[in-house]
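Subject: A structure to look at, with notes

Hello,

Please find below the structure I promised to hand over, and have a look at it before you read on. My notes on what was found in it follow underneath.

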Amino acid sequence: MEIHPKTAREHGIGNGEWLWVENWMGRARFKAKLTLVVPTWMVMAPHGWWFPEKDPAEPCLFGAWESNINQLIP
């Protein structure tokens with residue numbers, strides 16, 4: 001996920017650190033990327049992700065549900 005360096009500093013998040021984005025619907029795991037591109041009041045997470053090195057068979061499905069922000073929106 002992309003996060004402004006100031007916001008990351010305020011929350012103790014380092015560049016490249018793995019963290020969880022959570023809400024009432026679930027959670028998704030992302031690696032922090034510090035960037036000036038996003039405003040200080042938001043973070044940006046990709047809409048879908050998978051890990052080609054993980055098992056393609058169910059239930060793993062390349063880890064598609066581990067780092068997928070779509071799990072957190074209705």
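Before anything is counted, one definition is needed: helices (H or I, at least four residues) and strands (E, at least two) are DSSP runs, numbered from the N terminus. With that in hand, the chain has 1 helix and 5 strands, and from the N terminus on these elements run in the order β-α-β-β-β-β. Please keep in mind throughout that this is a predicted model.

As for the chain as a whole, its C-alpha atoms fill a box of roughly 40 × 25 × 20 Å, taken along the principal axes. Of its 74 residues, 27% count as buried, while the chain exposes about 5200 Å², of which carbon and sulfur atoms supply 62%. If you look at contacts with a separation of 6 or more, residues 24 or more positions apart account for 50% of them. The chain also carries 7 positive and 8 negative charges, and the mean positions of these two groups are 8 Å apart.

Next, the pairing of strands. Strand β2, which covers residues 18–23, pairs in the antiparallel sense with strand β3, residues 26–31, and the pairing extends over 6 bridges. The two strands form a hairpin, with 2 residues between them. To find your way along this hairpin, you can start from V21, whose bridge partner in β3 is A28, and then go to L19, which stands opposite F30 in β3. It may help to recall, as a general point, that in a regular strand the side chains alternate between the two faces of the sheet.

Two of these β3 residues turn up again when you look at N68, which lies in the segment after β5. Not counting residues up to four places away in sequence, N68 touches A28 and F30, together with H47 and G48. Is N68 buried or exposed? Its relative accessible area is 8%, and because buried means under 20%, N68 counts as buried. The side chain of N68 also reaches the backbone nitrogen of N70, at 2.9 Å.

A residue that can be described along similar lines is T35, placed in the loop between β4 (33–34) and β5 (43–44). T35 has a relative accessible area of 12%, so it is buried. Its side chain reaches the backbone nitrogen of V37 at 3.1 Å, and, leaving aside neighbours within four places in sequence, T35 is in contact with E2, I3, H4 and P5.

Which residues does V43 touch, not counting those up to four places away in sequence? They are M1, E2 and I3, and you will have met E2 and I3 already among the contacts of T35. V43 itself is placed in strand β5, and at 38% relative accessibility it counts as partly exposed. For a sense of distance, V43 and R27 are 16 residues apart in sequence and 15 Å apart in space, taken from C-alpha to C-alpha.

Finally, please look carefully at the backbone in the segment after β5, where P59 lies. As background, most residues other than glycine have a negative phi, and most peptide bonds are trans. Against that background, the peptide bond from E58 to P59 is cis, with omega near 5°. L61, which is also found in the segment after β5, has a positive phi of about 50° although it is not a glycine. F62 is found in that segment as well, and it too is not a glycine, yet it has a positive phi, of about 60°. How buried or exposed are these two residues? L61 has a relative accessible area of 34% and is therefore partly exposed, and F62, at 30% relative accessibility, also counts as partly exposed.

When you go back to the structure, I would suggest taking the hairpin of β2 and β3 as your starting point, then moving on to N68 with its contacts to A28 and F30, and ending with the cis peptide bond from E58 to P59.

Best wishes

Conventions. Residues numbered from 1 in each chain as written. Predicted model: local features only at pLDDT ≥ 70, side-chain atom pairs only at ≥ 80, totals over all residues. Heavy atoms only, no water. Buried < 20%, exposed > 50% of the residue type's maximum accessible area, 1.4 Å probe, protein only. Polar contact = N/O pair within 3.5 Å; in protein donor to acceptor, adjacent residues only side chain to side chain. Contact = heavy atoms within 4.5 Å. Pairing = 2+ DSSP bridges. Areas by Shrake-Rupley, 256 points an atom, 1.4 Å probe, with all protein chains shown as cover. Lys, Arg positive; Asp, Glu negative; His and termini not counted. Charge placed at Lys NZ, Arg CZ, Asp CG, Glu CD.
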